[in-house]
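I opened this notebook to keep track of what I looked up, one entry at a time. The sequence and the structure come first, and my notes follow.

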Amino acid sequence: MRLSKWHALGNSYLLVERAEAGTPLTPVQARTLSAGGGSDGVLEVLSASGDQLTVLIWNPDGSLAEMSGNGTRIAAAWLAQRTGSSEVDVHVGPRTVRAHIRGDGLVEQELGEVEVGPLETIDVSGRQLEVTPVSVGNPHAVVRLDHGRDDLLRLGPLLERHPRFPDRTNVQLVEVEDVHTLRVSVWERGAGETSSSGSSAVAAAAAAVARGWCESPVTVRLPGGELLVEIRGRRARLTGPAVELASDLELP
């Protein structure tokens with residue numbers, strides 16, 4: 001099986017075409033590929049024609065993700081590299097992400113609607129946390145908290161599997177640096193601690209704008225680097241890099 005490997009601020013994915021694999025990937029294969037390729041997941045390209053691309057996004061635990069900002073950005077950059085087009089539509093589930101590959105190599109994505117729920121107080125092992133639930137096509141739990149890595153490693157898995165989120169959730173611990181800047185740590189559903197997450201950046205920024213912590217545009221500082229999020233009403237635009245690490249990888 002031939003694959004390529006990409007990353008977005010350290011968040012890495014293997015990319016494989018279903019036509020190359022011969023058959024649809026299974027959860028076991030997705031886990032095996034992620035482990036063998038040292039990646040945070042697998043992008044399975046179901047079809048690619050012209051400037052249109054349809055993908056499945058596999059987490060490293062073999063579960064499917066409804067959405068990934070970094071994954072769709074990588075998929076768009078992959079197709080643009082192959083076709084020379086600067087405009088790509090990435091279809092993932094019911095959502096279409098429209099991507100523009102800029103001359104400086106960064107990718108702008110129109111991610112569509114973001115839903116920010118009301119503030120909730122959740123008991124997490126005896127600690128009361130104020131959580132803002134957000135949907136970017138996938139679920140997020142945004143917590144404003146002065147934090148260190150130990151807080152993420154402790155609270156991330158507890159919130160991911162909290163009864164409030166029966167399908168599990170992605171978790172963002174957020175510190176407000178100024179009116180246009182957030183520092184965010186991410187615990188991804190099905191992946192754990194990650195250096196970067198595009199949908200998490202959007203969720204954190206959308207919650208910050210809705211709660212009055214920040215104003216758009218918002219620079220989201222993640223362990224792997226910075227992403228720019230613009231919130232326009234209920235819609236979001238995400239800008240960031242996508243870099244190929246290796247092509248024509250062969251894994252058993």
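Which exposed residues does the face of α2 turned away from its buried side carry? I found Ala35 and Gly36 there, and I kept in mind that I was reading a predicted model.

**Entry on helix α2**

I then looked up the other side of the helix, which runs over residues 27-37, and noted Ala30, Leu33, Ser34 and Gly37 as its buried residues. Looking down the axis of α2, I saw that these buried residues fall within an arc of 100 degrees, so they line one face of the helix. A general rule helped me here: an α-helix has 3.6 residues a turn, so residues three or four places apart point the same way. Next I asked what covers the buried residues of α2, and the cover includes the strands β1 (2-8), β2 (11-17), β3 (42-49) and β4 (52-58). Just past the helix I noted that α2 is followed by glycine 38, whose phi is positive, near 60 degrees.

**Entry on backbone angles**

I reminded myself that most residues other than glycine have a negative phi, and that most peptide bonds are trans. Leucine 9, in the loop between β1 and β2, has a positive phi near 55 degrees although this residue is not a glycine. Aspartate 248, which I found in strand β19 (residues 243-250), also has a positive phi, near 55 degrees. Are these two residues buried or exposed? Leucine 9 has a relative accessibility of 13% and counts as buried, whereas aspartate 248 is exposed, with a relative accessible area of 55%. For the peptide bonds, I noted that the one from serine 216 to proline 217 is cis, with omega near 0 degrees, and that proline 217 sits in the loop between α5 (198-211) and β16 (218-222).

**Entry on serine 49**

I placed serine 49 in strand β3 and noted that serine 49 is exposed, at 55% relative accessible area. Threonine 83 is 34 residues away from serine 49 in sequence, and their C-alpha atoms are 9.3 Å apart in space.

**Entry on the whole chain**

Stepping back, I noted 5 helices and 19 strands in the protein chain. Its radius of gyration is 17 Å, close to the 18 Å that the globule rule gives for 252 residues, so the chain is as compact as a globular protein of that length. Of those 252 residues, 52% count as buried.

Key: Residues numbered from 1 in each chain as written. Predicted model: local features only at pLDDT ≥ 70, side-chain atom pairs only at ≥ 80, totals over all residues. Heavy atoms only, no water. Helix = DSSP H or I, 4+ residues; strand = E, 2+ residues; numbered from the N terminus. Rg over C-alpha atoms; globule rule 2.2 N^0.38 Å. Buried < 20%, exposed > 50% of the residue type's maximum accessible area, 1.4 Å probe, protein only. Arc of directions from axis to C-beta. Contact = heavy atoms within 4.5 Å.
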